[in-house]
Amino acid sequence: MDWGGLKVGVSVRIQRSDGRIHAAIVSGLNDEQESVTVEWFERGETKGKEIEVENIFALNAALKPATQASHAEVQQPSAKPSRPSMAVPQGRSITPRDQESRNSLRRSSAKAVPTAKSRPTIVPPAQNGDAAPIAPPAAVEAGKKQAIPASRRRSNCVKEVERLKQDREERRKRMEDEKKRRVNDPDFEPGNPNWDFLQMVRAFRANLDIKTITNADPIEDHQICVCVRKRPLNKKEMAKKEVDVITTPDKHNTVVHECKLKVDLTKYLENHTFRFDYSFDDSASNETVYRYTAKPLVETIFERGMATCFAYGQTGSGKTHTMGGDFKGKDQDTSKGIYALAARDVFKLLNSAAYKNQDLIVGCSFFEIYGGKVFDLQNKKHKLRVLEDGKQQVNIVGLTEKHVTTVDDVLKLITEGNRTRTSGTTSANQHSSRSHAVFQMILRKRATRKLFGKFSLIDLAGNERGADTISSDRQTRMEGAEINKSLLALKECIRALGRPNSVHTPFRASKLTQVLRDSFIGERSKTCMIAMISPGSSSCEHTLNTLRYADRVKELGPGDPGVPGPSQGLSAIPENSRNNSLSPQNSDLQLLATQNEGEVSFELLHFHEALQELQEMEEQVVEDHRSAVQEMEEMVIVEQGLLEMTDEVDYDVEAYSSTLSDLLDKKIQKWSDLKQKVDTFRIKMKEEEIASKNIKRPPL
């Protein structure tokens, strides 16, 4: 386009929407839109505007290109524009008809008052001496605009509106076509709001050659085995017509179809692919899952090793079903769970020719970890203490270990323990497990009772409860914080199992990893994690979190370039955050936060430290209270003896008063010390509450 004298930096005259005309500076030239961007300074601030180039040339005729300036001669603007007039030929008088024509022309020119934008143009006189009438400015401008294409006259706003209108019409046409296709589709479900997503998932699976795992596939040997199991849709999910968003194309891969909407409400799928050692679809039975996960670990304990098997996932994803067996109402058939299947193989190997001469016996213990405390499920949920001796051996004081000789004995213990286990009702499951349940089968030498091997099977609490650290209820906060902390610590301990040269393992960061410390040490230790996932579209977020957690456990296995070297241990903690006076628990918490910077914020670390101090203080207060009560009972016996002494006629008053005074001093001192600790404990409770409120809610 020929811009004439227009260029950036040139001063031009413009007309505002309110009719004002003033000077402005050209700041940009738009070839595509054929417009000019101008700026000016007004009332202390810089303003701008986009104006079509024709309007600029109308007020700045001197800047027109030479090709346009040659078409018409523009009159210089005067202080008072003259009105257009009609000339009368010489020798002719003005008739009434001429007067009426002149008045009509004057009325039309009065409606379009000439401005700086539209100036009168001088027209050459007509031939034969007659003066042609001067066209009004409005007519001149209309003639100009008729020569301009319509696309050049439209503003950017009009073009954008037309584009949106065209997009809207195309979208409506697509919707109409989709409705017609649905009506003609025999599989269309009119009441299914997720039918579009269902069709997308079906189309994705139609292009796959699905080969699920079978019992004929070989069993691979892994020190760390991570697998995933998908459960079928339950009745509640089918009633809501939820989409099965999990696809297992082969024995290693799992695909999650995340249902999403674009800004224009167009539906689409975002597919996430994960690879594990084994992937089980909803048709796999407990026996098939056991064959590839826990069964290879049974031989480990007969070779003086330590084996652990974890069931991890969202509440209602099938953890307790996999580990304990099928539910029939409130009752559980324990004969079909991994607990029972492992017990059968243990007794089978125990009586085999290869190990019969070892003279081994089997003992079972069953306990749960809830809120950082350990409870014995075989002894009416008696609270247990976890202590560490001078050899760094962790002992659960008072834990019941029952000798078993048959599989039925094991099933009986499991049934009684599951009835006692802490559970609650949630929207996902009426029997939601709120604690970590640990069932252990222990091999010992018959003569010496020395530990030979241990197999720990753990049914973890629902991982979605770890987000309850900002709840207003203290019990819920402590429950969620312990689950959150134990899962992070468990991940790091399993990683350390694949790093023999690791300097330090943060097993003290949670009670779960502390009691399982011996299972994460040594080359003969093996572990398996079964990630349980729900297939419903409403559980997609929790499913992705579960799979990402399991993927992080396995991705840093032996040989992975992302594994920290031997030099990365406690030294990884920044110098400014170290504190030599920290307890071993808080030191491991800081190490855990350093290794999971993206998951543990500073506020969350501070909350965990405050909660750890609160739990330690609680144990101390309860223990001191129990000791004080026992001493009071002994003092009561002494006091009763003093009272009996006063019944005598000539009792020793001096001895009575002296003994009673000593007893009262001891009582006052004991209760004063206890009162001081209780006050400190209450301060710790307030600090924990403040720390919980400072935790920022994680982004969705």
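**Salt bridges and one helix: group meeting talk**

Okay, let's start with Asp518, which at 24% relative accessibility counts as partly exposed; here buried means under 20% relative accessible area, exposed over 50%, and partly exposed in between, with a 1.4 Å probe and protein chains only. Quick caveats: this is a predicted model, where local features need pLDDT of at least 70, side-chain atom pairs count only at pLDDT 80 or more, and totals for chains, interfaces and linings use all residues. Residues are numbered from 1 along each chain as its sequence is written, and side-chain values use heavy atoms, with hydrogens and water left out.

So what does Asp518 pair with? Its salt-bridge partner is Lys454, with the closest N and O atoms 2.9 Å apart. By salt bridge I mean a side-chain nitrogen of Lys or Arg within 4 Å of a carboxyl oxygen of Asp or Glu. Lys454 sits in strand S21 (451–459) and Asp518 in the loop between helix H15 (511–515) and strand S22 (525–533), so the pair ties together parts 64 residues apart in sequence. Helices (H or I, at least four residues) and strands (E, at least two) are DSSP runs, numbered from the N terminus. Lys454 itself is buried, at 11%.

Next pair: Glu618 and Lys373, also a salt bridge, at 3.5 Å from N to O. Glu618 is in helix H18 (602–646) and Lys373 in strand S14 (373–376), so this one links parts 245 residues apart in sequence. Glu618 is partly exposed at 21%, while Lys373 is buried at 17%.

Then there's a local one. Asp177 bridges to Lys173, closest N and O atoms 3.5 Å apart. Both are in helix H6 (156–184), four residues apart, which puts about one helical turn between them. Asp177 is partly exposed at 38% and Lys173 is exposed at 55%. The count of salt bridges by this rule comes to 27.

Now, helix H13. Its 14 residues, 407–420, should span 20 Å at 1.5 Å a residue (the expected span takes one less than the number of residues), and the end C-alpha atoms are 20 Å apart, which agrees. Which residues of H13 are buried? Val407, Val410, Leu411, Leu413, Ile414 and Gly417. Down the axis, those fall within an arc of 160°, so they line one face; the arc uses directions from the helix axis to the C-beta atoms. On the other side, Asp408, Lys412 and Arg419 are exposed. The cover over the buried residues includes helix H12 (338–350) and strand S20 (436–445), where contact means heavy atoms within 4.5 Å.
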